[in-house]
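Please open the structure in your viewer and keep the selection tool at hand. The tour below proceeds stop by stop, stating what to select and what is found there.

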Amino acid sequence: MLPAGFEKREPSVPGIQDTQLYCLADRTYFDTPARLPDEESRYRLDTDPPPEGWRREAVGLWTSLVPEHVEPAEQGWKIHVSTVPGEAEATLRDTARICVRHGVPFKFLRSEKALLLVAGKHMNRSGAGKFIAAYPPDETVFLALADELSRTLAGRSGPYVLSDLRIGDAPVYTRYGAFVPRWCDDAEGRRVLALRDPSGRLVPDERGVVFRMPSWVEAPRHCDRTSRHVPPPATTPSRTRSPEPSSSPTPAGSTSPRTPGRESAWCCARRGRTADSTARATTPSPACTASTGR
């Protein structure tokens with residue numbers, strides 16, 4: 001349910017990754033992703049009764065838990081948690097317990113099958129790795145939630161969320177973005193999710209594969225943008241020649257042209273990502289330390 005005055009509008013033409021979700025939802029027909037046959041792999045939090053005083057909502061492959069009689073904030077610093085299938089149930093249980101205690105709305109991918117699907121090689125890289133998203137209402141709650149999650153989930157595995165800042169040494173990340181669906185046109189005339197700037201104007205909520213922060217926003221206290229050491233991307237030369245530069249970005253990595261050597265006209269390199277451990281993630285990205293002293 002959207003707050004009064006909010007208009008729900010969908011982009012007119014889905015991207016290729018979005019289209020693939022509709023194709024994978026059913027082996028025979030083009031169907032909504034919500035129809036994905038995943039009942040046998042649903043997480044307990046999706047099937048058990050919601051906590052007392054909370055309501056559950058389903059949106060596509062995601063399940064939301066929201067405190068009753070609470071209106072969500074429009075936008076702010078959201079927290080993302082990534083995981084791997086073997087740790088997903090425990091990570092969801094621990095994250096949900098913390099979010100409920102702080103009264104913070106959150107959503108999660110409803111099943112292991114949905115988790116594997118969204119993390120698939122041909123899905124959109126801007127959303128790859130995201131398993132749970134939490135929506136703190138203000139900076140005070142954000143700092144408390146980020147601190148507890150980073151301590152509780154330290155040592156857990158999960159892919160690097162490319163669009164976010166990492167919090168501590170856990171698979172916990174953050175970025176400033178919209179909490180509720182609002183839409184505007186970007187520079188190319190496409191309908192995209194929007195933020196409201198200080199003047200009240202709707203502007204694109206940029207969601208890409210690098211961290212971006214709106215010009216009018218400051219990072220929360222104790223959350224700096226200092227890069228920590230991350231191993232360089234794994235690079236493997238390709239033997240394939242190509243007369244034109246090419247690129248195929250996916251959650252598994254991206255292919256791009258390198259400077260040609262004397263022996264060949266083109267040499268491509270694949271930048272790999274480690275999907276099974278945050279500690280070994282290969283994508284350099286800024287780090288965020290929230291109330292952890294690191």
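**Stop 1: a pair of strands**

Select strand 8 and strand 9 (residues 191–196), which pair in the antiparallel sense over 3 bridges. Strands here are DSSP runs of E with at least two residues, helices are runs of H or I with at least four, and both are numbered from the N terminus. Two strands pair if DSSP finds at least two bridges between them. In general, the strands of a sheet pair through backbone hydrogen bonds, either parallel or antiparallel.

Before continuing, note that this is a predicted model, in which local features need pLDDT of at least 70 and side-chain atom pairs count only at pLDDT 80 or more, while totals for chains, interfaces and linings use all residues. Residues are numbered from 1 along each chain as its sequence is written, and side-chain values use heavy atoms, with hydrogens and water left out.

Now display individual bridge partners. Asp 185 has Arg 191 in strand 9 as its bridge partner, and Cys 184 has Val 192 in strand 9. Between the two strands of this hairpin there are 5 residues, and Gly 189 takes a positive phi near 80°.

**Stop 2: the sheet around strand 9**

Add strand 10 to the selection. Strand 9 and strand 10 also pair in the antiparallel sense, over 3 bridges. Arg 196 stands opposite Leu 202 in strand 10. The hairpin of strand 9 and strand 10 has 5 residues between the strands, and Gly 200 takes a positive phi near 95° there.

Viewed together, the 3 strands form an open sheet in the order 8-9-10, with antiparallel pairing. Strand 8 (183–185) and strand 10 (202–204) are the edge strands, each pairing on one side only. Neighbouring strands of this sheet are turned by 60° against each other on average, direction ignored. Such angles run from 0 to 180 degrees between N-to-C directions, and the axes are lines fitted to C-alpha atoms, for helices over the stretch in contact.

**Stop 3: two cysteines**

Is Cys 184 buried or exposed? Cys 184 is buried, because its relative accessible area is 7%. The term buried means under 20% relative accessible area, exposed means over 50%, and partly exposed lies in between (1.4 Å probe, protein chains only). Next select Cys 99, which is also buried, with a relative accessible area of 0%. How many disulfides does a search of the whole structure find? The search finds 0, where a disulfide is counted as a pair of cysteine sulfur atoms within 2.5 Å.

**Stop 4: two helices**

Cys 99 leads to the next selection, as it is one of the residues of helix 3 that meet helix 5. The axes of helix 3 (residues 85–102) and helix 5 (residues 139–152) come within 10 Å and cross at roughly 155°. The two helices are therefore roughly antiparallel to each other; angles under 35 degrees count as roughly parallel, over 145 as roughly antiparallel, 65 to 115 as roughly perpendicular and the rest as oblique. The crossing of helix 3 and helix 5 is right-handed, meaning that the near helix is turned clockwise from the far one by less than a right angle, whereas anticlockwise would be left-handed.

Display the side chains where the helices meet. Asp 94, Ile 98 and His 102 are among the helix 3 residues involved, and Ala 144, Leu 145 and Leu 149 are among those of helix 5.

**Stop 5: an enclosed strand**

Select strand 3 (residues 75–81). Why is strand 3 largely enclosed by the rest of the structure? It is so because 7 of its 7 residues are buried. Strand 3 runs antiparallel to strand 7 (residues 172–178), joined by 7 bridges, and Gly 76 stands opposite Gly 177 in strand 7. Strand 3 also runs antiparallel to strand 5 (residues 132–134), with 3 bridges; there, Val 81 has Ile 132 as its bridge partner.

**Stop 6: the loop before strand 3**

Select His 69, in the loop between strand 2 (62–67) and strand 3. His 69 is exposed, with a relative accessible area of 79%. Its phi is near 65°, a positive value in a residue other than glycine. Most residues other than glycine have a negative phi, and most peptide bonds are trans.

Glu 68 lies in that loop between strand 2 and strand 3 as well, and counts as partly exposed at 38% relative accessibility. Leaving aside neighbours within four places in sequence, Glu 68 is in contact with Gly 53, Trp 54 and Arg 55, contact meaning heavy atoms within 4.5 Å.

**Final view**

Finally, display the protein chain, whose secondary structure comes to 5 helices and 14 strands. Of its 294 residues, 45% count as buried.
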